[in-house]
Structures are given as structure tokens and as C-alpha cells.
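Let us take a friendly walk through a protein model and the molecule it holds. Have the 3D view open and turn it as you read.

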Amino acid sequence: MSLADIEPIPLRLVDSDLGAAADAFGDAFARTGFAVVSEHGIAQGVIDRALGTAKALFALPEAVKAQYVVRGGGGQRGLTPFGIEAAKGAALSDLKEFWHIGRELPAGHRFESVMPANIWPAEVADFREAQLALYAALDHAGRRMLRAIAVHLGLEPEFFAGPVTDGNSILRLLHYPPVSGAEAGAIRAGAHEDINVITLLLGAEEAGLQLLARIGEWHDIAAPQGTLVCNIGDMLQRLTGGRLPSTTHRVVNPSPERAAVPRYSTPYFLHFAPDYLIETMPGGPAEYPPITADEYLRERLREIKLL
Ligand SMILES: O=C(O)CCC(=O)C(=O)O
Ligand SMILES: [Fe+2]
């Protein structure tokens, strides 16, 4: 199986033929944990404005960016500088820096203590507006994807609507600087599984993203222009008892011709509400003890050295 052969599946199918969407996405996710998604409905202008302001942010002087590191915040908001996050169990840190944006909650919201307020870079005009627009668009696309996943699992289409309402979802703006050759074995993003429910990833058109197939081989994930990549995270694997696998993936360093080119990508990690109890459904190959989404997240952030 070559992942380059994965045909993009239009997200539009969710609205026109939910059964067909459930079959197509369900099949892709059950086989590889990944799908390439076309016709996702996110306006190109929204994507371009968010990417433009993200590039402006990362281009700021290091001393300015350093002001936006939240000490003791587990990397959940603001900047996580180059050389901090390491994949679970990895000796070397990833070759990336990133900025996290969370859900905006009204003052006094019951999740305020576990979902901290966003911070915004004063130096980049329109950053807040552009990123919140992308956050909202990805959240909406993710909810549509979850309708297809619910039907694939034999659940009612709106099964996930409640559990992800006010979810602790995070928009990650990622910057992988050019690779100089002095990285001594480190890679852009070491092999890992995502912690959350599903991930929607923009920017995978620039090569590097690979998934680990069950036979133990790495496969490139080719995302044509205008598509996004969607994958299953550990929380959904846990909920489905492994019926939907959270597949290991990584971002390898560029070929010598592309070494001078930075890579920007934007995963949206869609999460459950912090108090959602993840209890394994019957019918899958595995069973896990119940745990709330927030407890599970904290356990995992400690493993990746963010907490
Ligand atoms: O940059 C990418 O293409 C993927 C990033 C990723 O897997 C992650 O941040 O979890
Ligand atoms: Fe990932």
C-alpha cells in the first residue's frame, strides 16, 4: 500500500451523503488512521491570512518572541521555543517552534481554570482576528468530520456534538526553520501519536509528513494543494477500543534541495471538553480504564516534556 495513492475524500460528502462519507472516511481511518480531505469548505482567504500572520510572528526577533513563553503553562498557550518539545521517549528535541491558540471562553466559564486565556503578540497586526477565524473554521470542519466518524461507528450522527462542545481544542502554528546539516540526528518532528480526538492539518503540501504503516514501514503522506490531512488521535482510539487507530507519524528533514526552505504547518488538535469521561465502547480489540479528557491530557503532556 502506498499512501501516495490515497485518494482525497471530499468533506462535502458529509452534507450530501452522510452514509457515503462514513464509509469512505471510516475505511481510510480504520486502515491507516489517516485521510486526505478535499473540499473542506475552509475559505482560502481565511487560511492565507492566518498563515501570513503566523509567518510574521515567527519572523520577530528571538528576544521579542521569548516574551510570549508562558512559564509553567505546559506550552498550552503562546510560544514554545525551538528545542523544547521532544516526542515521548525521544532523546533529542524536535527541530520546531510553535504557538498555541486555545478556545476563547466567556468570563467565568466553568472550564476557565483548565483552559487558560489566550495571549496575543502585540507586534503582529490582525494576528488575533486571523487566527480565531481559522480556529472557528477548523472547529466547524472537525465537527462535520465527527458526524461521518459517528455514523461509521454505528452511533447517531450527533454523538460527538455534546462531548466536543467547549472542548479544549488547540490550534498549533508550527514553524520548522531551514535545516543546516548540524542537527546531528534530530528531526523536524519525532515519531509520535496525537493525544486528542482528531487532528486536522493544514500545510502538509510541503513534504516531510510520514505515517508508520502496521507492517513497520514509513510512508510519505502526499497532500495535494487545497487539501488537508485528518488523523485519529489517542483519545478517539481509546474511546473506540482501538477500532479507529491513532497512527504513529513524524516529520522528516527535507531533501538537500529543500533544506533552505522553512516549513509551516498548522494542526488543529480537536479535543473533548475537559470533563468528558473517555470510556471504551464495546466492539474494539482493546479496553482501557475510564479517564477524563483533562486527566488524560495532563498525563500525556508530562510525557512530552511540556508539563
Ligand atoms: O507538521 C506536520 O506536518 C505534522 C505535525 C504534527 O504531527 C504535530 O504537530 O502533531
Ligand atoms: Fe502529530
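Two strands are said to pair if DSSP finds at least two bridges between them. With that in mind, look at strands E5 and E12: five bridges join them, and the two run antiparallel. One place to see this is His175, which stands opposite Tyr264 in E12.

Before going further, a word on trust. What you see is a predicted model. The protein chain has a mean pLDDT of 95, and 98% of its residues reach 70 or more. For the complex, the predictor gives an ipTM of 0.99 and a pTM of 0.97.

## The sheet

In which order do the eight strands of the open sheet lie? Going across, you meet E1-E2-E10-E7-E12-E5-E4-E3, and the pairing is mixed. At the edges are strand E1 (9-10) and strand E3 (78-80), each of which pairs on one side only. Strands of a sheet pair through backbone hydrogen bonds, either parallel or antiparallel.

The table lists some of the pairs you can trace on screen, each with one pair of residues that face each other.

| Strands | Bridges | Direction | Residues opposite each other |
|---|---|---|---|
| E4 and E5 | five | antiparallel | His100 and Arg172 |
| E5 and E12 | five | antiparallel | His175 and Tyr264 |
| E7 and E10 | four | antiparallel | Ile198 and Ile232 |
| E7 and E12 | five | antiparallel | Leu202 and Thr266 |

Strand E7 deserves a pause. It covers residues 198-202, and its partner E10 covers residues 228-232. Besides the pair in the table, Thr199 of E7 stands opposite Asn231 in E10. Is E7 buried or exposed? Five of the five residues of E7 are buried, so the strand is largely enclosed by the rest of the structure. In a regular strand the side chains alternate between the two faces of the sheet. In E7 you can follow both sides: Ile198, Leu200 and Leu202 are buried on one, while Thr199 and Leu201 are buried on the other. Strand E5 is mostly covered as well, with five of its seven residues buried.

## Around the ligand

Now find ligand 1. Which residues surround it? The shell is made of Arg172, Leu174, Ala189, Asp194, Leu201, Ala204, Leu209, His249, Val251, Ser265 and Pro267. Three elements give two or more residues to this shell: strand E5 (170-176), strand E11 (249-251) and strand E12 (263-270). By character, the shell residues divide into seven nonpolar, two polar and two charged.

Some of these names should sound familiar. Arg172, part of the shell, is also the residue of E5 that His100 stands opposite. Leu201, another shell member, is one of the buried residues of E7.

## A helix with a buried face

Next, move to helix H2, residues 18-32. How far apart should the ends of its 15 residues be? At 1.5 Å a residue, H2 should span 21 Å, since the expected span is 1.5 Å times one less than the number of residues. The end C-alpha atoms of H2 are 21 Å apart, which agrees.

The buried residues of H2 are Ala21, Ala22, Phe25, Ala28, Phe29 and Thr32. Seen down the axis of H2, these buried residues fall within an arc of 150°, so they line one face of the helix.

## Three loop residues

Finally, visit a few loops. Asp126 sits in the loop between E4 and helix H5 (127-152). Its phi is near 70°, a positive value in a residue other than glycine. Asp126 has 13 C-beta neighbours inside 10 Å and so counts as partly exposed.

Asp166 lies in the loop between helix H6 (161-164) and E5. It also is not a glycine, yet it has a positive phi of about 60°. Where does Asp166 fall, buried or exposed? With 20 C-beta neighbours inside 10 Å, Asp166 counts as buried, because the cut-off for a buried residue is 20 or more.

Ala286 belongs to the loop between strand E13 (277-278) and strand E14 (291-292). It is exposed, with 12 other C-beta atoms within 10 Å. The C-alpha atoms of Ala286 and Leu239 are separated by 9.7 Å, while the two residues are 47 residues apart along the chain.

Notes: Residues are numbered from 1 along each chain as its sequence is written. Chains are lettered from A and ligands numbered from 1 in the order in which they are written. This is a predicted model: local features need pLDDT of at least 70, side-chain atom pairs count only at pLDDT 80 or more; totals for chains, interfaces and linings use all residues. A residue is near a molecule or strand if its C-beta atom, placed from the backbone, lies within 6 Å of it. Ala, Val, Leu, Ile, Met, Phe, Trp, Tyr, Cys and Pro count as nonpolar, Asp, Glu, Lys and Arg as charged, and the others, Gly among them, as polar. pLDDT is the predictor's confidence in each residue, from 0 to 100. The arc is that of the directions from the helix axis to the C-beta atoms.
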